[in-house]
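The following report describes a protein model with several chains. It proceeds from a single strand to the domains and the contacts between chains.

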Amino acid sequence: MMRRSFKFIVLVALMSSLAVPAPAQKKNARIDVAEALKGYFKPVSTPSAEPDAEGFIRRWMILEPISKPNPSNRVFTDSYTREQLSKEYFPGQLSVLPKDGDKVKVTMEYQPPVNLNSNRPAMQPQREQPKFVKATLTWHALDSDHFFVKLFRFATGLDKDRYGVIFWTVTVINCEQDIENVRLAVGSNKAARWWVNGQEVLLLAGDRHMGVDSAVSDRITLRKGKNVLRGVTMNGPGMSEFCARFIDDTGSPVTNFTISCN
Amino acid sequence: MYHWVKTIFCLVSASLLSLQSFAAGEEGRAELGDYFTPATVQNASPDAEGFIRRWTLLEPIAKDFSSNSMLTDSYLSEAMSETYFKDQFTTLPADGERVRCGKSTLLWHALDSKKFFVNLLRFAEGYGKAYFQQMYWAVTIIDCEEDIENVRLAGGVNSGAVWYLNGEEVLRLTNDRDLVVDDCMSQRLTLKKGRNVLRGAVFNGQGMATFCLRFVDESGRPVTGYTLPSVLPNKKK
Amino acid sequence: MKKNALTALAALFLSVVAFAQTGSPYIHDPSTVVECDGKYYTFGTGSGGLISEDGWNWHDGAVRPGGGVAPDAIKIGDRYLVVYASSDRSNNLRYHSRVYAMWNKTLDPASPDFAFSEPVDIGGSNGYEDCDGIDPGLMMGPDGRLWLVYGTYFGYLRVVELSPETAEPVGEPVNVALSCEAGEMMYHDGWYYLLATHGTCCSGVNSTYEIIVGRSKSPTGPYVDNVGRDMIHGGGRLLLASEPRRIGAGHFGRFIVGEGIEKMSFHFEGDLDRSGRSVLAMRALMWKNGWPVAGEPWQDGTYSLVSERRGYALELAVNNVPMAGGMRGFFRGSGGDAVVSLEDQKLEDVIGTWPDGEISLRIGPELFRPHQRWEISEVPEAGGYIGGAYCKIVIAGTGRALAATAERELTTVPEFTGAPEQLWRIDRLTDGTYRIMPKFVPGTRQELVLVSVGDSTPSLGVFDPDSDNSKWNLVKH
C-alpha cells in the first residue's frame, strides 16, 4: 500500500512540474553547465590556466546577465556608457573575487522573454517607467573554448536574458615578477569598462564590434603576485562577446603569467 | 653610250670627292665620316626601328633667331613662307646639286646617317659651314609598292622643324625641343603606292642640331615596308 | 586702412613663403644635399653654396673653391667627395669641358679640418666629340662601386666608374642618354635609376626645365623609361616639372632620411614668390610600382588623420553626437518631400558637450565630424627639419591642440601655446603614407611617433617603417 501511494505522489509531482511554464530566469533550476555551454565553455577543473599562444585570457568568473534593456545600440555614447556602468548593481561589484556557484541578489529591469519564433531579435519597447524585478544570479567559473568569450552563448546556454544585458566578469592574473609597460587590449561587443587592480584602464563606447586589440589601455604594470582584471560589458540587441589580452610595446602578446579564479 | 659613260664618270667622281670628305680625322676630332656615308650607291630601307637615315641635305641657311625659345608656331609659319631658293617646296635634288640662296651658293648632299638620328651640326661642320642659328633643308624619297594607310610621321628634333609629305605640311615641332624619339606625331596619313616625297626644314639656334623621323602604325610600331632610292649626282628625278 | 592692408599683405607673404625652404635658399644647379656634423650643405654653380642648421632654413656660407658649374657631393667613409666642372671655351672649342674632383674631411668651413684637396681632372669632353662634360653627378652603388655621370644636351650623357679611394676613373665612359643634362644616378630595390633634366635651362620663370627618369638593371644602362624607350632615344618618365608659382624643376639630388623616408632636392628655375629667382627646393620622394614619384608641396588646411592600420580617424574622446536625419526607410522615395542637402554637423552644435581642460584621444570611424577635423598649419617661427616646417595640429575652429605627454601618450590642450610638445613634424613616407612625429616628448630623448596601438587607440611609439601601425593618411577636407 505504501509503495503505491509513493508512486502516485511522484507521478503527480512530475506532471505538475511539466505543467508549469518556465519563467525567463529560472529559479533554482539545476542545469548541467558543461552540457549547456558545450562548444563555447567548459567549467574550470584545474587550479590555474595560462593565456593561449596569442596571449588571450580564457579563464573567467562570469556572472549571469543583469537585464538592462537598451532600445538600440546607438545609445552607447561615452557619457551613457560611463553612467550605466557606474551604477551599483550589487554590493562589492568592484571588489568581489567570487567562487564558482556564489550567488548575487540584484534588482534589475524586467524584460519579457524573447520571442524565439520571430526572425529578428526583439527590439525592446520604449518604457517611460521601467519595471524592476528581483533576481538571484550565479557566478560561474569557466574556461572559454575560444580566444573570445561568447557572453551571448553563456546567456542562451543558461537560458537567461540574451539582449539588453550587462555581464560582470573577473579573473586573476598571477605574475612571478613585475611586468612593466604592458597594455590591456580588448575587443568588445559592446560597450564596456575594464579595471586592473581597481584602476579603470579602459572605457569602450560606441556601437562597436569585437576586433582583436580594438581598444588598448595606457601602459600599466602587472605587479608581482596577484592582479585582478575586472570588466563589465553591456549590450543592446545583438551578439555580446569580448576578447582580452595584454600586449607589450611592440604589440606582441604578453604570456608570462598564469590565470586563476581567485 | 656616251650619256651612260658620262653618268658613270660623274657618279664615280662624286663618290671619290665625297669619300675625301668622309675620311676620318685626327684622333679625337669628329669628322663627317663618323656620322654619314654617301647615299648615292644603292637603294636603302628604313632601319630595323623604322628610322629614315637617307637624306639629301642642303648646306645651312643663316637665320636671325638668337634663341631656340623663339621657334614658336608663328615664327615657323613666317620662316616657311619665305623664299630661300628656287623650287624649294618641289625640288628633288641630286647629290652635289647647287642652289642660289641670296648671295650664297649652297650644295645639296645625299647622305646616309650612321645613327638613327641625323646630326645636322656635324653635317654643317663637316662641310666647313656655320652651324648655329641656321635653317637646314632636308628631302628624301619614299617608294612604296602599295598604299600604306593609317601611318603617322613620328619626329623628334633639336630644336624646331616643319615637315611636308607630298607637298602638304604634316608635322610641326616648335620651341626649344630636345631630340626625343616619337616626340611629335602627324595625323594619320597614307603613303601612296609609288613615289612619296618627304621634305622639311630644321631650325637650330645654339647647341646641338639633330632630327629623327620614322613612320609608325596605329599601334606605334615602326613601318618599314618601303624603299629609299639611291640618289644620282646632278640629275633631277 | 593702410596698416590693415599692410598687415594682410605681410600675413599673405608669410603664409605663402612658409611653404618653401626658408631663409635665403638662392642657388642654381644645387648639388645633392649632404649632412655633415648635424648641418646640411649644398653647393651650386659659381662658388660656394648654402648651409642649414635644421634642413629647412638656408643661408649662404658653404665654401667650395674652383668655380665652374653644377657641382655634386657625396660622403664616402669619413670623407666628402665634391665634383664640379668647368669649360675651356677658347679656340672655339665650345664644349671642351672637364670634371674635377676634390676631397675634404668636413664641409664646415669653420672647422680646423676644413681643407679641400687639389682638384683632379677625372674626365669630360675634348671639345670635338658629342658630349659636353659638365653637370657631374655621383652615386655609390649597393656594392660599394662609385659612379659618375656627366653631360648635357650637346650629345650624350655618359657614365663612368670611379675609384672610391681616389675618385679617378677605372674604366671607359659609356653613353647612356641623349637630349638632357644634370644627370644623377640612384639605386633602389634592384634597379639603377638615371635622373636627368630636359627642357630649357636658365630662363627663369619661362623655363621648361623638368626632371625625368629611366631605369636599368646595370649602372651602365641601357636606361629605359616607363613606355620602354631608351634614354639614348631621348626617353624618360617625368618626375617633376613645375608647380603653381614655382617654375622649372631641375638638378635632382636624393637625400635618405631613414628607412622609408626619402627626400629629393632640386632647384626651381623661377620662384614667382621670390622675384623669379632660382631657389633650392625639397619634396618627399616616394616609390610606386618601381618608379620614383615626387611629393607635393605642403598645404595648410583641414584634414582627417586616418590610421593606415584600420582606416579610422584620429578624434577627441568625446560623445559622438548624433545628427538629425536618420534612416528614411527602405526602398521608398522621399514620400513627397523635396530632396534636400543636409548640412555637415557644425562645431557649435557639439562643442558644448565637450569637457573643458585636456581631452584625450581615440581613433574611430570617419564621419567627418567636428571632433575629427584637424587644422594643420605650419608655424613659421617654430623652425623646421629637412624638407618641412613644424606644424600645429588643432581641432578645426578651435585652439585645442594635439600634444605629446610625459607618459608617452597623447592629449589635447585647450589652447595652442607653441610649446615644443605641441609641434609636429610631418614626413611623407616612400609608400605615400605619413609619419607624424612630435618635436619633443617631455621626459624622454627617445624619438617617438604617432602610432596606432589598437584599432581605436592612438599612442606614441617607436617608428617601424614596415608596420602600418606607424603610418597615417591625411585626408584633406
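## A central strand in chain A

Strand 8 of chain A is joined by six bridges to strand 12 (residues 225-235) of chain A, and the two run antiparallel. Strands and helices here are DSSP runs, numbered from the N terminus, with E and at least two residues for a strand, and H or I and at least four residues for a helix. Two strands count as paired if DSSP finds at least two bridges between them. This is a predicted model, in which local features need pLDDT of at least 70 and side-chain atom pairs count only at pLDDT 80 or more, whereas totals for chains, interfaces and linings use all residues. Residues are numbered from 1 along each chain as its sequence is written, while chains are lettered from A and ligands numbered from 1 in the order in which they are written.

Within the pairing of strand 8 with strand 12 of chain A, A:Ala192 stands opposite A:Thr233. Strand 8 of chain A is also joined to strand 9 (residues 199-204) of chain A, again antiparallel, by five bridges. There A:Trp195 faces A:Glu200 of strand 9 of chain A as its opposite residue. The hairpin of strand 8 and strand 9 of chain A has two residues between the strands, and A:Asn197 takes a positive phi near 50° in this hairpin. Strand 8 (residues 191-196) of chain A is mostly covered, with five of its six residues buried. A residue is buried if 20 or more other C-beta atoms, placed from the backbone, lie within 10 Å of its own.

## Chain C: confidence and overall form

The model scores ipTM 0.71 and pTM 0.81. For chain C the mean pLDDT (the predictor's confidence in each residue, from 0 to 100) is 92, and 93% of the residues reach 70 or more. Over residues 5-18 of chain C, however, the pLDDT is below 50, and this stretch has seven contacts in the model beyond near neighbours in sequence. Two residues are in contact if their C-beta atoms, placed from the backbone, lie within 7 Å.

Chain C contains two helices and 35 strands. Its radius of gyration, taken over C-alpha atoms, is 26 Å, close to the 23 Å that the globule rule (2.2 Å times the number of residues to the power 0.38) gives for 477 residues, so chain C is as compact as a globular protein of that length. The C-alpha trace of chain C spans about 85 × 55 × 55 Å along its principal axes.

The table sets out chain C and chain B.

| Chain | Helices and strands | Buried share | Share of contacts with a separation of 6 or more that join residues at least 24 apart |
|---|---|---|---|
| Chain C | two helices, 35 strands | 49% of 477 residues | 54% |
| Chain B | three helices, 14 strands | 42% of 237 residues | 78% |

One sheet of chain C is open and has five strands in the order 1-5-4-3-2, with mixed pairing. Strand 1 (22-23) and strand 2 (34-36) of chain C stand at its edges with a single partner strand each, so one side of each is left without a neighbour in the sheet. Strand 1 of chain C pairs with strand 5 (residues 57-62) of chain C in the parallel sense over two bridges, and C:Gly23 has C:Trp58 in strand 5 as its bridge partner.

## Domains of chain C

Chain C is divided into domain 1 (21-294) and domain 2 (301-321 + 344-476), with bounds that come from an automatic or database domain assignment. The C-alpha centres of the two domains lie 37 Å apart. In the contact between them, 17 residues of domain 1 meet 15 residues of domain 2. On the domain 1 side, strand 18 (246-258), strand 19 (261-271) and strand 20 (277-288) of chain C each supply at least two residues. Strand 20 of chain C provides the largest share of this side, five residues. The domain 1 side divides into 10 nonpolar, three polar and four charged residues. Here Ala, Val, Leu, Ile, Met, Phe, Trp, Tyr, Cys and Pro count as nonpolar, Asp, Glu, Lys and Arg as charged, and the others, Gly among them, as polar.

## Contacts between chains

The contact of chain C with chain A takes 15 residues from chain C and 15 residues from chain A. Strand 33 (449-454) and strand 34 (457-461) of chain C each supply at least two residues of the chain C side, which divides into four nonpolar, eight polar and three charged residues. With chain B, 17 residues of chain C are in contact with 13 residues of chain B. The side of chain C that touches chain B comprises five nonpolar, nine polar and three charged residues.

Terms used:
A residue is buried if 20 or more other C-beta atoms lie within 10 Å of its own, exposed if 12 or fewer, and partly exposed in between; C-beta atoms are placed from the backbone.
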